[in-house]
Amino acid sequence: MLKSELLLVLFGEFHLLYINTNICHKKRKKYIEMGLVAVSSRSASHSSSACIMVTMMLLLAYMPCEAQLSSTFYDKMCPSALNTIRTSIRTAVSSERRMAASLIRLHFHDCFVQGCDASILLDEAASSTSERNARPNFNSARGFEVIEAAKSQVESICPGVVSCADILAVAARDASVAVGGPTWTVKLGRRDSTSASLSQAETDLPSFRDGLDRIIPLFRNKGLSERDMVALSGSHTIGQAQCVTFRDRIYNNASDIDAGFASTRKRRCPTNAPDGDANLAPLDLVTPNSFDNNYFKNLIERKGLLESDQVLFSGGSTDSIVSEYSKGPATFKSDFASAMVKMGDIEPLTGSSGVIRKLCSAIN
């Protein structure tokens, strides 16, 4: 075989291994043997093309055997999967607008604990360390039944094919679109975990009381930048929060909260706990059901509902990003979409790792 032909073959093999892990381990030995032949060839020993061939064969031999996420993952295995999920999510959001925010948050809280593996969906019966019981999730994470319903519909057409982790990732995108938010291409091929981590959920999820000194490192540890963090925080342009999460902020008479805004919020959030702990208030008072950039305008006006919201515009390193998004809705939506794609890439289970759950809340 000519060197040029061999190079073309190797390039093809290199691409193939990236999209199919089933053959990966079987071919390692072949590439090592081919590399040895190329090295021992006297005619090729001084050839630059020989160096290229050897290098590529070593890469092929020792590269990790991990499947790559792909937006076309289900195109042949379950071509109706995405349309089925989209219809299910649209129905849920049309019934309750708030559900859009809940699904985006559920995906976020999943990816930050063990990666995007649907571990947050496992209930107590399935896992004694259910992440649902972690403080950031307890009595606040919601939308589980919506994901389960979408899973049931997908299972009816393609049993055992589409993971709960992928359904959750797609649901977050479809929820955003349903309330006027951006769309993005969801990469697919994740598999589901067989365990959850209550302890990691306690440490790796941000709290409504956190300052930048904690929030920025939490996101950085997941491969997300300050800009990604601020963009993702912009999902608080929709959704609601419980009184217990903002009571201290509206009653502490601090300089970082607008007095009129605090007074309005006090109407449904009594001073003394536990009275009214579960009472809800919109995170964005102006357009609570629309995905826009009013959240950032609110921060500049000192009308962030949560402490972790207002710290984004409090004289720190993220002030300039908040200002930029408050003036540029298109920039915010574009950055939000990009950040969601990056978040969806956090430590997915692929290839032979993990499983495809039959029920999202239970281990097979």
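**Exercise 1. Find which residue pairs with Glu307 in a salt bridge, and work out which parts of the chain this pair ties together.**

Solution. Begin with the side chains: those of Glu307 and Arg209 meet in a salt bridge, at 3.9 Å from N to O, where a salt bridge is a side-chain nitrogen of Lys or Arg within 4 Å of a carboxyl oxygen of Asp or Glu. Next, place the two partners: Glu307 lies in helix 14 (residues 307-310) and Arg209 in the loop between helix 8 and helix 9 (212-220), so the pair ties together parts that are 98 residues apart in sequence. Helices here are DSSP runs of H or I with at least four residues, strands are runs of E with at least two, and both are numbered from the N terminus. Then turn to accessibility, for which buried means under 20% relative accessible area, exposed over 50%, and partly exposed in between, with a 1.4 Å probe and protein chains only. Glu307 is partly exposed at 25%, and Arg209 is likewise partly exposed, with a relative accessible area of 44%.

Two notes apply to every exercise: the model is predicted, local features need pLDDT of at least 70, side-chain atom pairs count only at pLDDT 80 or more, and totals for chains, interfaces and linings use all residues. Residues are numbered from 1 along each chain as its sequence is written, and side-chain values use heavy atoms, with hydrogens and water left out.

**Exercise 2. Describe the salt bridge of Asp277 and the network that holds Arg209.**

Solution. The partner of Asp277 is Arg247, with the closest N and O atoms 2.8 Å apart. Asp277 lies in the loop between helix 12 (259-266) and strand 2 (280-282), whereas Arg247 belongs to helix 11 (residues 243-251), so this pair ties together parts that are 30 residues apart in sequence. Arg247 counts as buried, at 7% relative accessibility. As for Arg209, salt bridges that share partners join Arg209, Asp248 and Glu307 into one network.

**Exercise 3. State how many salt bridges the whole structure holds, and examine the one between Lys187 and Asp345.**

Solution. A search of the whole structure finds 16 salt bridges. In one of them, the side chains of Lys187 and Asp345 meet at 2.7 Å from N to O. Lys187 lies in the loop between helix 7 (164-178) and helix 8 (198-204), and Asp345 in the segment after helix 16 (329-344), so the pair ties together parts that are 158 residues apart in sequence. Both ends are partly exposed, Lys187 with a relative accessible area of 29% and Asp345 with one of 32%.

**Exercise 4. Characterise the surroundings of helix 11.**

Solution. Start with the residues of helix 11 that are buried, namely Cys243, Thr245, Phe246, Arg247, Arg249 and Ile250. Then ask what covers them: the cover includes strand 1 (240-242), helix 12, strand 2 and helix 14. Finally, look just after helix 11, where Asn253 takes a positive phi of about 55°.

**Exercise 5. Locate the largest nonpolar core and decide which domains give residues to it.**

Solution. A nonpolar core is a set of buried Ala, Val, Leu, Ile, Met, Phe, Trp, Tyr and Cys residues joined through side-chain atoms within 4.5 Å. The largest one has 73 residues, of which Leu121, Ile147, Phe219 and Met343 touch the most other members. Helix 7 gives the most to this core, with nine residues. Domain 1 (80-204) and domain 2 (212-342), whose bounds come from an automatic or database domain assignment, both give residues to this core, so it lies between them. Apart from it lies another core, of twelve residues, among them Cys243, Ala262, Ala281 and Leu305.

**Exercise 6. Place His109, which carries a UniProt annotation, in the structure.**

Solution. The unreviewed UniProt entry gives the annotation "active site" to His109; UniProt positions are given in the numbering used here, feature names are shortened, and annotations may be inferred rather than shown by experiment. His109 is found in helix 5 (residues 99-111) and is buried, with a relative accessible area of 4%. Leaving aside neighbours within four places in sequence, His109 is in contact (heavy atoms within 4.5 Å) with Ile120, Pro136, Asn137 and Leu205.
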